[in-house]
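Colleague: Please give me a close look at a single part of this model, its salt bridges. Keep it brisk, and put the part in context afterwards.

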Amino acid sequence: MKKHEIFFSMIKIPSDFILIFISFFIARKIRVWSDLPGYFNLEIHTIPTSTLTSFALLWSLVYVWLFILHKLYSFKITTSKVKETLDIILYWFYWLIFYSVILYFSKWFLYNFEIPRLIVLFTFLIWTFLVIFWRIILNKVQNILLSKNIIPKSNLLLINNKPIDDIQ
């Protein structure tokens, strides 16, 4: 295992956590800032910052834990980036269902406030975009560093007593 593979894999965990955490606040800001489906004239519901902070911390940790369980923080850079993106979207969908069920059944049991559904939806859309975008940036940086030999590539030395034509 190469050091740069470990380094780039380990960057993903805290960066995903931060992006997911921030997306809760971006979603709340978007919801408060404008009534996006303007012709509906929906009443704007929001939650206080302290409540949102604890809520975002908990669910960001759980989401990163879900990614760890499903091996989305692989140390290998040879995995398909398309598969990685599709896995993120797939687990996002599973997480949305799980999250919605937990929110519905635990209202007034685990928490004493109502979480606005549009903030939840915006959060999921924002964090999916941010996580995928960040992964693309990390992969691009890693590939550039490898191509410019800033990160050393491993060399393999084969020692064999056969003629070169006989080696397959």
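Modeller: Start with Glu-84. Its side chain makes a polar contact with the side chain of Lys-12, at 3.3 Å. A polar contact is a pair of N or O atoms within 3.5 Å; within protein, one must be able to donate a hydrogen and the other to accept it, and residues adjacent in sequence count only if both atoms are side-chain atoms. This is a predicted model, in which local features need pLDDT of at least 70 and side-chain atom pairs count only at pLDDT 80 or more, while totals for chains, interfaces and linings use all residues. Residues are numbered from 1 along each chain as its sequence is written, and side-chain values use heavy atoms, with hydrogens and water left out.

Glu-84 and Lys-12 also form a salt bridge, with the closest N and O atoms 3.3 Å apart. The term needs a side-chain nitrogen of Lys or Arg within 4 Å of a carboxyl oxygen of Asp or Glu. The pair links distant parts of the chain: Glu-84 is in helix α3, Lys-12 is in helix α1, and 72 residues separate them. Helices here are DSSP runs (H or I, at least four residues), numbered from the N terminus. Both Glu-84 and Lys-12 are buried. Buried means under 20% relative accessible area, exposed over 50%, and partly exposed in between (1.4 Å probe, protein chains only). For Glu-84 the value is 9%.

Now Arg-135. Its side chain meets that of Glu-84 in a salt bridge, 2.7 Å from N to O. This pair again joins distant parts of the chain, with Arg-135 in helix α4 and Glu-84 in helix α3, 51 residues apart. Arg-135 has a second partner in Asp-16, where the closest N and O atoms are 2.7 Å apart. That bridge ties helix α4 to helix α1, across 119 residues of sequence. Arg-135 counts as buried because its relative accessibility is 2%. Asp-16 is buried too, at 0%.

Together, Lys-12, Asp-16, Glu-84 and Arg-135 are linked in a network of salt bridges. The whole structure has four salt bridges. In general, side chains of opposite charge can pair when their charged atoms come close.

Who else touches Glu-84, beyond its neighbours within four places in sequence? The contacts are Lys-12, Leu-72, Arg-135 and Asn-139. Contact means heavy atoms within 4.5 Å.

Now the setting. The protein has four helices and zero strands. Residues 24 or more positions apart account for 81% of its contacts with a separation of 6 or more. Of its 168 residues, 35% are buried.

The network pairs named above involve α1, α3 and α4. Those helices also help cover the buried residues of α2. Helix α2 runs over residues 49-69. Its buried set includes Phe-55, Trp-59, Tyr-63 and Phe-67. After α2 comes Lys-71, with a positive phi near 55°.

The loop between α1 and α2 holds Ile-47. Ile-47 is buried, at 4% relative accessible area. It sits 6.9 Å from Ile-115, C-alpha to C-alpha, although their positions lie 68 residues apart in sequence.

Helix α3 also holds Tyr-94. Tyr-94 is partly exposed, at 45% relative accessibility. So α3 carries both the buried Glu-84 and the partly exposed Tyr-94.

Note on methods: Helices (H or I, at least four residues) and strands (E, at least two) are DSSP runs, numbered from the N terminus. The expected span of a helix is 1.5 Å times one less than its number of residues.
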